[in-house]
Structure formats: structure tokens, C-alpha cells
Amino acid sequence: MKFQVIFSCIFSLLLGLEQPAFSHQVELGHGSDVQWLDWGSTAFARAKAEDKLILLDLTAVWCHACHLMDQTTYADQQVLTLLQENFIAIRVDTDQRPDLEARYRTGGWPTTSLLLPTGEILFQANSLEPEVMVKLLQEAKVLYDSEKEDLQQQADQLWDRVKVHGQKNESPRAPLRSSMASHSVDMMKREYDSVNGGFRNHPKFFEPEAIQMALGYGFFENDEELINMGLMTLERQVALLDPVWGGFYRYAEKADWSQPHFEKMLTIQAQNLHNYVSAYQYTGNAEYKYISKRIIDFVEKVLADPQTGQFFESQDADVRDQDGQTLVAGAKYFSLNMIDRKARGRPLVDGRIYTGSNADMTWAYLYAAQALEMPILKKRAIQVLTRMVAERFDPEKGLSHEEVNSSGKLHGILSDHIRLGMALLEAFRVTGDIQFLQNGEALAQSTQLLLEDDKDGGFFDRPDSPENLGLLKIPTKPARENIQAARLYLELFHLTNQDEYRLTAERTLQSVVNTPQPLPIALIGMAVDEWFRPPVHIAVIGMSDDEESNVLLAEAHQLYCPGKMVKKFNPNNGTMKWGEIVFPYDGKPAAFLCTDKMCLAPVYQAEELKGRLDELLKALRETVL
């Protein structure tokens, strides 16, 4: 077995290069006899004191291959002996420690890494059979004993490069160009699978931003080809919807969406709910509404905590016993009907409640509540958001990644901040309650305080700390989270008209496009399009108890128009002003469709709103031309 010492590859983290976006993924068991240590100072102190390499197992509760390694490789007596005598074994749960996943995952789950006692990567693989693991551990021990000084020298060179990079002068800011959005669309069209839907061949993963870009950009630009790509993908990926319980499986191995991996993840349900609701709004097709409700049914019955209203993280693919042994494999179990499933038991639900994925679900619930006319979803989402802010947000430490009394005590993760920020702003859009906007602003300010790169722009994925170990000491600015951060701050600008938010969004987007890292095509296209395309404003004028104005308001919320902003004005509350536009009132409820520069004639009937929106979009397209 040949070792690949990959210190030089680690340096890409300095530029924010992401690990591969997709991976071969399945579930995890607890049958291992290895005495695993948690990531932390105790394990690293032992590695240093005993002068041993670290075996890092990056795993997940739902990971099938992880379960198999526990039952085979990590139950093998020779492997156990080698680990106990010559290595420090650390296990990290990927959902619990996204900061470590960002730095140590390669390919998929599990990721098996051999590290120097100081945490630099010596070797990485994924699932390993017992005989391969034995050979790996034996050769690694020989290599470390014979080349220790050289390996340490390479590690020192890595940290020298980290230091030099941190002292670099500010990079020139790349200009943002509206053509970046159209270039993204061109790339999406080239990658589109015209036979099966989706934007790659196989395996087939959900790509929610690509669908949002296809529907949204296609809507504004009247690009029917792009819209049909999004809708066809939504239709074909229904093959991954559980026909009995509802909810979507994680991904499919084949290009035609067959051979699913049956895990059900909370964030996947949230992203799909948002997109199927959008498709229903856009087309009026009741099938999209039905699918949306099937997602909600699954989440409420399986992933919702009946005591707190918050949401659990995932459901396993297989039915297992307490030792992690498979009793019924997912492929067989999910082919059963309701009665037979109940007779065989239920797959494990990971009952942990994480901030980011709960924010995703509340965001989707708030969006769906309006379009599906399901006010219970709004009530549920507001309860969760209110609890999250009250229990998990500390302006000085940032958000807690999970419950504050958990052992992880992870605070200030960029992904959590951005996702909860998005949900808070959606709550403000839906309810008009200024408290949600104020909470969103407080969270945004905390994010800047803890994570913003004042020199080069953009945000680091976690706070710097002298307690950071291994590759956590490398400052990392992941592209996906930074693009989402730019979208968050741009939305704050539109909601508050405070220029500082717009400047933050601009600096962040420029920092992303100014790096050599590969960018998520649809997401960067969507962010750039939002930067150059002002949102549509719908102002509803009428007394608070006026039924006609409330009907206009409900229709405005249900109308498909990505990024639209809806606001109700009561004539009794003084001047009705939005930005620089003052709205008249002649005693009759009305709705005005505007941008930041123009308004059309008022609408008095709810059924006329769609036609007036078409007029506005046509006028905007002609203005651009």
C-alpha cells in the first residue's frame, strides 16, 4: 500500500476550496468494540504524549457503510489490537461537527483518516475491509517510525504557508457582472439530463438551488426551456418519494433516479418542500401541492418532536437492533406496505435537534404556509424560531449548533447563522412582526463580529480560537456558505434600506468570485441575479379589518414571484410610504405592484394581480433591452 502524504492539498483550504459536493452515502451502527475518543484536547494530548498517529473516523448516524465497518472492520481482533497498541482512535459525528467535516471529509462517509499527532492528514480513504485496514495500520506505523522527522517538517511547512497567507495584502476586488447569471444558466443547460431530469448523470442527488434558479430566472427572463428543465426534474425525482409515508430519500445511484439510498434527511425535506410549493404556485398543478403535503405529513409524523415542536435530524434507512445489526434492509423495508412496515418495526430516528436544519424547515414551513393556505405551518415555524433565538443565540458567542446543554458546545458556525438568519427574515416577510427583523439584524451583526474577514471580505466558517486543534487552525471561507451570506445581507438591505448591509453583500460576493475555487454554479448565478435584479414590491392598501384588502394580501402572498416583498399599509396610520414611493388611498382597498423605481396602476381585484405582475415583468424586460 502506497501512502500519499497530502499536506500540500490541505493548503487549498486556505482558499476556501470545498470537498467534493456529492458522495457515496449510506448508514452507521454501534457494534464496534473500539474505545473511541472524542475530538478534543484529551485525545490530542495522548497522541503527543504517547507519540502515536491518530485514526480519525468521520461518520454519521444514518451511514450504512459506517454501520458495516463497525460490524466487520472495527470488530476484527487484529484491527482492534493494532489500534489499541499503536494509534489514538477518534470518532467524529459529521452532523455534530460540520467544521471538522469541512476539513477532513473526502469523498463520502465514512472518511477514514490517518493523522499526525498534531492533526495533519497523512492518508485518507473511505470504507475499508478488515484486511485492508490491517495492512494500512501496519504500514502507517512503519512509515511514521522511520520518517517521523520528515513528516513533521512537511507539517511545519504547511503552517508556515498558513502564516504567510494570513499576512497577505488585501486582494483586488473583482467587479460583479450581470452576465455571471446568464453564464450559470448556459452551464446548467449544458449539464442538464434531458432524458431523466437533473443536472448531472449519476448518481442523482437533489440540487435545490438549480431548480430555484431554473424556475426563478426562467420566470423573470421568460425562458420556457429553463423553466421546463426545473419542472421536469421535479417530476422525475418523485421516484425518490416514499409512496407510503411520504418524505424523500436521500439520493439515487442510477441516472433514472432508481436504486435509492433510503435515508431521509430533514434538510432534504425542507429544500424539496420549498421547491414543490414554488412549482405549485407557478403552475397551479395540484400534483405539486399533493407532493408538498406528503413531505409535510412525513415531517410531522416522523421528524417533529411532539414535546417541543422542533425537528429531528434524520431517519435511518434500515431497521436495526440495538447493536446496529440490520434486521430489514432499506430496499426491502421501503417496498413494504404500511401494515407490513409496522410489523417489522421502524428505522431509527436521530433525535438530535440541530440549528441549521431546523432553520431550513421553519423557512420552508413559512413559505408553504402562504401558498398552501395552511396557517398551522406558520404557527409551528414561529414557535421553533422563537425558541431557537431564545435558547441558542448569544450575541458574543454566536448560535449554538445544538442544544446548549449538549456535550459539543459548538458555537458560531457560519452555516447555522446564515440559515437561521434566512428563516428569521422569511418570518418577518410572512408576519410583518418587527421582532423577527430585529432578531435577524442582531444575528447578522453577531456574524460579522465573530466571522467576517475585515481584510479580504467574506466570512470564515467558524470563530478563531486558541483551542482549535489540527486543521481547525486553518481559516476557511467556504464558497456555498459565503454565497448564502451575501444573499442574506442583500435581503437585509432590501428590508431595511441600510447601505452597510448592501456593502457587506458586495464584499462577500466579490471575495467568492475572486478565489480560484470551483463555485456552485446555480447558487452563484442566483446570487448575482438577485444582486442586479431589484425585488418586486406589492403594497396592499386598506383598513386592517377590511375583508377585500385581506383577500388582496392573501393573493399577493400566494403569487409566484421569487424574492417579492409584500407589505400591508393601513391608511389610519399616517403616510403610506415605501422607500421613496408614497401610495394614495381613495377609500377603496388596492394593491400596487412596484420596483424600487416604478409602480403600475393599482389593482382592486385579487384575480387581477397575476396579470398586473405580467405587465410589470414585461416592462422590466423591455427596459433592459
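This is a short walk through one structure, stop by stop, with something to select at each. Keep in mind that the model is predicted.

**Stop 1: the sheet**

Start with the strands. Four of them make an open sheet in the order β2-β1-β3-β4, and the pairing is mixed. To find the edges, select 87–93, which is β2, and 121–125, which is β4; each of these pairs on one side only. Turn the view and you'll see the twist, which averages 20 degrees from one strand to the next.

Now go to residues 111–115, strand β3. This strand runs antiparallel to β4, and 4 bridges join the two. Which residue of β4 is the bridge partner of Leu 114? Pick Phe 123 and you have it.

**Stop 2: helices on the sheet**

Add residues 41–50. That's helix α2, which lies across β1 (53–59) and β2, running at about 160 degrees to β2. Next, bring in 77–86, helix α4: this one packs on the sheet as well, touching β1 and β2, with its direction at about 105 degrees to that of β2.

**Stop 3: the rings**

Time to show the aromatic side chains, where the count comes to 26 aromatic pairs. Zoom in on Phe 219 and Phe 220: their ring centres are 5.2 Å apart and their planes meet at 70 degrees, so this pair is edge-to-face. Is Phe 219 buried or exposed? Phe 219 is buried, and Phe 220 is too.

Jump on to Phe 569 and Trp 578. Here the pair is tilted, with 6.1 Å from centre to centre and 50 degrees between the planes. Both Phe 569 and Trp 578 are buried.

For a bigger selection, take Phe 206, Phe 248, Trp 257, Tyr 276 and Tyr 288, which form one aromatic cluster.

**Stop 4: charges over rings**

Select Trp 245 and look over its face: Arg 341 is there, 4.8 Å from the ring centre. Then try Tyr 604, where Lys 588 lies over the face of the ring, at 4.8 Å from its centre.

**Stop 5: helix α20**

Finish with residues 521–532. This is α20, a helix of 12 residues that reaches 17 Å from first C-alpha to last, close to the expected 16 Å. How many of the 12 residues of α20 are buried? The number is 9, so to speak of the helix as mostly covered is fair. Among the buried ones are Leu 523, Ile 524, Met 526, Asp 529 and Trp 531. To see what covers them, switch on α7 (179–191), α8 (208–221), α18 (479–496) and α19 (499–513), which are included in that cover.

Notes
Residues numbered from 1 in each chain as written. Predicted model: local features only at pLDDT ≥ 70, side-chain atom pairs only at ≥ 80, totals over all residues. Heavy atoms only, no water. Pairing = 2+ DSSP bridges. Axes fitted to C-alpha atoms, helices over the stretch in contact; angles between N-to-C directions. Contact = heavy atoms within 4.5 Å. Phe/Tyr/Trp six-rings, centres within 6.5 Å; stacked < 30°, edge-to-face > 60°. Buried < 20%, exposed > 50% of the residue type's maximum accessible area, 1.4 Å probe, protein only. Lys NZ or Arg CZ within 6 Å of the ring centre and 35° of its normal. Expected span 1.5 Å × (residues − 1).
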